[in-house]
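Open the model in your viewer and keep the selection panel at hand. The tour goes from one selection to the next.

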Amino acid sequence: MNLAKPAVLHLLLWTLLLLGLFGAMSVSYEHLSGQEACPKLSIVPVCLVVCLGYLLMVTSQIRFNTAIRIGLFYAGWYPVFIIATVGAAMELYYSDICPKGTGGLPLCYVSFALCMLVLMLSLAARRNTFRQ
């Protein structure tokens, strides 16, 4: 399988973005229903900011013009990246900061890894699209 093909890259990107959106929506639902508490930025729960970020990244995959797509992608990606980076660093330093997933894995680690994979796939897909 040739991962350099734009269709494969876009499919992987869509899959990871929808996985991130679903995960962020799940944590946001748990927070809003009182089951799990997300840390807050001022009065806004971080999980809702992450959810909005993934929603913007998913929306950026719709066929707008290139400038709008790139703007939407980075408007969603940067907040998710910053929150995941700060959360992962705080989890390493203080522990028990981030909501936990299956097996007790802090979700900020998962979000950080997912965020980096999404960026790499997005850059590769964009580069391959422009070469066509």
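The stops below cover a helix pair, a group of aromatic rings and a histidine.

This is a predicted model, in which local features need pLDDT of at least 70 and side-chain atom pairs count only at pLDDT 80 or more, while totals for chains, interfaces and linings use all residues. Residues are numbered from 1 along each chain as its sequence is written, and side-chain values use heavy atoms, with hydrogens and water left out.

**Helix pair.** Select helix α2 (residues 46–59) and helix α3 (residues 66–93), whose axes come within 7 Å and cross at roughly 150 degrees. Axes are lines fitted to C-alpha atoms, for helices over the stretch in contact, with angles from 0 to 180 degrees between N-to-C directions; helices are DSSP runs (H or I, at least four residues) numbered from the N terminus. The crossing angle makes α2 roughly antiparallel to α3 (over 145 degrees). Now show the side chains in contact (heavy atoms within 4.5 Å): among them are Val-46, Gly-53 and Met-57 of α2 and Phe-73, Trp-77 and Ile-83 of α3.

**Aromatic rings.** Stay on Phe-73, which is buried at 2% relative accessibility (buried means under 20% relative accessible area, with a 1.4 Å probe and protein chains only). Add Tyr-74: the two rings form an edge-to-face pair, 5.0 Å centre to centre with 85 degrees between the planes. Rings of Phe, Tyr and Trp (its six-membered ring) pair if their centres lie within 6.5 Å, and planes over 60 degrees apart count as edge-to-face. Extend the selection to Trp-77, Tyr-78, Phe-81 and Phe-112, which ring pairs link with Phe-73 and Tyr-74 into a cluster.

**Histidine.** Finish at His-31 in helix α1 (residues 6–32). His-31 is buried, with a relative accessible area of 15%. Beyond its neighbours within four places in sequence, His-31 contacts residues including Glu-36, Lys-40 and Cys-47.

Terms used. Helix = DSSP H or I, 4+ residues; strand = E, 2+ residues; numbered from the N terminus. Parallel < 35°, antiparallel > 145°, perpendicular 65-115°, else oblique. Phe/Tyr/Trp six-rings, centres within 6.5 Å; stacked < 30°, edge-to-face > 60°. Buried < 20%, exposed > 50% of the residue type's maximum accessible area, 1.4 Å probe, protein only.
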